[in-house]
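Biologist: I'd like to learn how to read a fold like this one. Could you take me through it, feature by feature?

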Amino acid sequence: TALLCAGSYGKTYKRLCPHGFEMTDFAELRTTMVDTQVRPSDVTKYTVIEAFLEVPREAFVPTGQRAAAYADTCVTLDEGRVVLDPRTLAKILDALDIQHDELVLDIGAGLGYSSAVIARMAEAVIAVEADEAFAAEAQATLSEHGADNAIVHTGALEL
(Lines give C-alpha, C1' and ligand atoms only; values in the text may rest on other atoms or scores of the structure.)
Protein backbone atom coordinates (compact mmCIF):
# COMPACT_ATOMS: atom_id res chain seq x y z
CA THR A 1 0.00 0.00 0.00
CA ALA A 2 1.07 3.58 -0.57
CA LEU A 3 1.56 6.19 2.07
CA LEU A 4 -1.44 8.38 2.68
CA CYS A 5 -0.82 12.03 2.03
CA ALA A 6 -2.51 14.51 4.29
CA GLY A 7 -3.53 17.62 2.41
CA SER A 8 -4.69 20.85 3.95
CA TYR A 9 -7.46 20.45 6.49
CA GLY A 10 -6.55 16.80 6.97
CA LYS A 11 -7.86 15.56 3.59
CA THR A 12 -6.20 12.49 2.16
CA TYR A 13 -6.35 11.35 -1.42
CA LYS A 14 -5.50 7.90 -2.68
CA ARG A 15 -6.41 5.70 -5.60
CA LEU A 16 -5.52 2.29 -6.94
CA CYS A 17 -2.81 1.91 -9.55
CA PRO A 18 -3.31 -0.65 -12.36
CA HIS A 19 -1.61 -3.28 -10.21
CA GLY A 20 -4.11 -2.87 -7.36
CA PHE A 21 -1.84 -0.95 -4.98
CA GLU A 22 -3.01 2.26 -3.39
CA MET A 23 -1.19 5.37 -4.52
CA THR A 24 -1.40 9.02 -3.62
CA ASP A 25 -3.19 11.24 -6.14
CA PHE A 26 -0.62 14.04 -6.29
CA ALA A 27 -2.46 15.97 -9.03
CA GLU A 28 -5.52 16.29 -6.80
CA LEU A 29 -3.34 17.26 -3.84
CA ARG A 30 -1.65 19.92 -5.99
CA THR A 31 -5.04 21.44 -6.85
CA THR A 32 -6.10 21.33 -3.20
CA MET A 33 -2.81 23.01 -2.19
CA VAL A 34 -3.49 25.88 -4.57
CA ASP A 35 -7.15 26.19 -3.53
CA THR A 36 -6.50 26.06 0.23
CA GLN A 37 -3.01 27.55 0.69
CA VAL A 38 -2.15 29.75 -2.29
CA ARG A 39 -5.39 31.45 -3.39
CA PRO A 40 -6.60 32.30 0.17
CA SER A 41 -3.25 34.05 0.79
CA ASP A 42 -4.09 36.86 -1.65
CA VAL A 43 -1.91 35.43 -4.41
CA THR A 44 -3.67 36.84 -7.45
CA LYS A 45 -1.23 36.62 -10.35
CA TYR A 46 -2.39 33.94 -12.75
CA THR A 47 1.19 33.04 -13.72
CA VAL A 48 1.98 32.12 -10.10
CA ILE A 49 -1.20 30.07 -9.66
CA GLU A 50 -0.72 28.31 -13.01
CA ALA A 51 2.92 27.46 -12.19
CA PHE A 52 1.94 25.97 -8.83
CA LEU A 53 -0.74 23.87 -10.54
CA GLU A 54 1.70 22.58 -13.17
CA VAL A 55 4.87 21.78 -11.20
CA PRO A 56 4.81 18.41 -9.38
CA ARG A 57 6.10 19.43 -5.94
CA GLU A 58 6.48 15.78 -4.91
CA ALA A 59 9.24 15.36 -7.50
CA PHE A 60 11.36 18.06 -5.82
CA VAL A 61 11.35 16.78 -2.24
CA PRO A 62 13.27 13.83 -0.77
CA THR A 63 11.67 10.52 -1.73
CA GLY A 64 10.84 9.65 1.87
CA GLN A 65 8.93 12.92 2.29
CA ARG A 66 6.81 12.90 -0.87
CA ALA A 67 3.69 12.07 1.12
CA ALA A 68 4.07 15.45 2.86
CA ALA A 69 4.92 17.45 -0.28
CA TYR A 70 1.59 19.31 -0.33
CA ALA A 71 1.17 19.91 3.40
CA ASP A 72 1.10 23.54 4.51
CA THR A 73 4.59 23.36 6.00
CA CYS A 74 8.21 23.47 4.88
CA VAL A 75 9.78 20.17 3.84
CA THR A 76 13.19 19.54 5.40
CA LEU A 77 16.04 18.78 2.99
CA ASP A 78 18.95 18.80 5.39
CA GLU A 79 19.86 20.47 8.66
CA GLY A 80 18.91 24.12 8.20
CA ARG A 81 17.66 23.63 4.62
CA VAL A 82 14.02 23.38 3.56
CA VAL A 83 11.69 23.59 0.59
CA LEU A 84 9.57 26.61 1.48
CA ASP A 85 5.94 25.98 2.31
CA PRO A 86 3.65 26.66 -0.66
CA ARG A 87 2.01 29.76 0.83
CA THR A 88 5.31 31.53 1.55
CA LEU A 89 6.84 30.76 -1.85
CA ALA A 90 3.66 31.83 -3.64
CA LYS A 91 3.50 35.13 -1.72
CA ILE A 92 7.15 35.86 -2.57
CA LEU A 93 6.65 35.11 -6.26
CA ASP A 94 3.42 37.10 -6.38
CA ALA A 95 5.22 40.12 -4.91
CA LEU A 96 8.16 39.76 -7.32
CA ASP A 97 5.80 39.89 -10.32
CA ILE A 98 8.19 37.94 -12.57
CA GLN A 99 7.62 38.59 -16.27
CA HIS A 100 7.98 36.13 -19.17
CA ASP A 101 10.98 38.02 -20.59
CA GLU A 102 13.04 38.12 -17.37
CA LEU A 103 16.13 36.20 -16.30
CA VAL A 104 15.89 35.09 -12.64
CA LEU A 105 18.67 34.09 -10.23
CA ASP A 106 17.52 31.53 -7.64
CA ILE A 107 20.08 31.30 -4.82
CA GLY A 108 19.95 28.25 -2.57
CA ALA A 109 17.88 26.19 -5.00
CA GLY A 110 17.94 22.97 -2.97
CA LEU A 111 16.32 20.22 -5.03
CA GLY A 112 14.97 22.73 -7.56
CA TYR A 113 11.29 23.25 -6.71
CA SER A 114 11.45 27.06 -6.63
CA SER A 115 13.48 27.02 -9.86
CA ALA A 116 10.87 24.80 -11.54
CA VAL A 117 8.05 27.13 -10.53
CA ILE A 118 9.99 30.22 -11.61
CA ALA A 119 10.89 28.54 -14.92
CA ARG A 120 7.17 28.49 -15.76
CA MET A 121 7.03 32.25 -15.23
CA ALA A 122 10.36 33.62 -16.56
CA GLU A 123 12.36 33.40 -19.75
CA ALA A 124 15.19 31.62 -17.93
CA VAL A 125 16.37 30.68 -14.43
CA ILE A 126 19.92 30.32 -13.15
CA ALA A 127 19.84 28.35 -9.91
CA VAL A 128 22.80 28.32 -7.53
CA GLU A 129 23.21 25.48 -5.05
CA ALA A 130 26.20 24.81 -2.79
CA ASP A 131 25.51 21.10 -2.20
CA GLU A 132 26.78 19.13 -5.21
CA ALA A 133 24.35 16.25 -4.68
CA PHE A 134 21.38 18.63 -4.39
CA ALA A 135 22.52 20.52 -7.49
CA ALA A 136 22.86 17.33 -9.56
CA GLU A 137 19.46 16.05 -8.45
CA ALA A 138 17.86 19.44 -9.06
CA GLN A 139 19.24 19.62 -12.62
CA ALA A 140 18.10 16.08 -13.40
CA THR A 141 14.60 16.66 -12.00
CA LEU A 142 14.24 20.02 -13.75
CA SER A 143 15.18 18.39 -17.06
CA GLU A 144 12.87 15.44 -16.43
CA HIS A 145 9.95 17.83 -15.89
CA GLY A 146 10.56 20.02 -18.91
CA ALA A 147 12.20 23.03 -17.26
CA ASP A 148 14.65 23.38 -20.13
CA ASN A 149 15.02 27.09 -19.42
CA ALA A 150 16.57 26.42 -15.99
CA ILE A 151 20.18 25.53 -15.25
CA VAL A 152 21.76 24.68 -11.90
CA HIS A 153 25.22 25.95 -11.02
CA THR A 154 27.12 24.47 -8.08
CA GLY A 155 28.69 27.25 -6.06
CA ALA A 156 28.88 29.10 -2.77
CA LEU A 157 25.70 30.75 -1.54
CA GLU A 158 27.49 33.68 0.05
CA LEU A 159 30.00 36.25 -1.18
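Modeller: Sure, let's start with strands. Two strands count as paired if DSSP finds at least two bridges between them. Keep in mind that this is a predicted model.

Biologist: Okay, so how many bridges join strand E3 to strand E4?

Modeller: Three bridges join E3 (residues 75–78) and E4 (residues 81–83), and the two strands run antiparallel. In this pairing, Thr76 of E3 sits opposite Val82 in E4.

Biologist: And what do E3 and E4 form together?

Modeller: A hairpin, with two residues between the strands. Look at Gly80 in the turn: its phi is positive, about 80°. You'll find another positive phi, about 55°, at Asp97, just after helix H3.

Biologist: Helices next, then. How do I read the sides of one?

Modeller: Here's the general idea: an α-helix has 3.6 residues a turn, so residues three or four places apart point the same way. Now try it on H3, residues 86–96, where the buried residues are Pro86, Leu89, Ala90, Leu93 and Asp94. They lie on the same side of H3, because the arc they cover around the axis is only 135°.

Biologist: Which exposed residues does the face turned away from that buried side carry?

Modeller: Ala95 and Leu96.

Biologist: And what covers the buried residues of H3?

Modeller: Among the elements covering them are helix H1 (26–38), helix H2 (46–54) and helix H4 (113–119). Val117, which lies in H4, is a nice one to click on. With a relative accessible area of 0%, Val117 is buried. If you skip its neighbours within four places in sequence, Val117 is in contact with Ala51, Phe52, Val55 and Leu93. You can also compare sequence with space here: Val117 and Glu50 are 67 residues apart along the chain, but their C-alpha atoms are 9.2 Å apart.

Biologist: What about charged side chains? How many salt bridges does a search of the whole structure find?

Modeller: Five. One of them is between the side chains of Asp94 and Lys45, at 3.9 Å from N to O. That pair links distant parts of the chain, since Asp94 is in H3 while Lys45 is in the loop between H1 and H2, 49 residues apart.

Biologist: Is Asp94 buried or exposed?

Modeller: Asp94 is buried, at 10% relative accessible area, while Lys45 counts as partly exposed at 27%.

Biologist: Can you show me another salt bridge?

Modeller: Try Arg120 and Glu54, whose side chains meet at 3.2 Å, N to O. Arg120 is in the loop between H4 and strand E6 (124–129) and Glu54 is in H2, so this pair ties together parts 66 residues apart in sequence. Then there's Glu129 with Arg81, at 2.6 Å. Glu129 is in E6 and Arg81 is in E4, 48 residues apart. Glu129 is buried, with a relative accessible area of 0%.

Biologist: Last one: the surface. Which residues make the nonpolar patch of about 540 Å²?

Modeller: Leu103, Leu105, Ile107, Ile126, Ile151 and Leu157. Strand E5 (residues 103–107) gives the largest share, three residues. Leu103 lies in E5, and counts as exposed because its relative accessibility is 60%, where the cut-off is over 50%.

Notes
Residues are numbered from 1 along each chain as its sequence is written. This is a predicted model: local features need pLDDT of at least 70, side-chain atom pairs count only at pLDDT 80 or more; totals for chains, interfaces and linings use all residues. Side-chain values use heavy atoms; hydrogens and water are left out. Buried means under 20% relative accessible area, exposed over 50%, partly exposed in between (1.4 Å probe, protein chains only). Helices (H or I, at least four residues) and strands (E, at least two) are DSSP runs, numbered from the N terminus. The arc is that of the directions from the helix axis to the C-beta atoms. Contact means heavy atoms within 4.5 Å. Patches are made of residues with over 30% relative accessible area and no salt bridge: like charges are joined within 9 Å, nonpolar side chains (Val, Leu, Ile, Met, Phe, Trp, Tyr) within 5 Å. Accessible areas come from the Shrake-Rupley method with a 1.4 Å probe; for residues, only the protein chains shown count as cover. A salt bridge is a side-chain nitrogen of Lys or Arg within 4 Å of a carboxyl oxygen of Asp or Glu.
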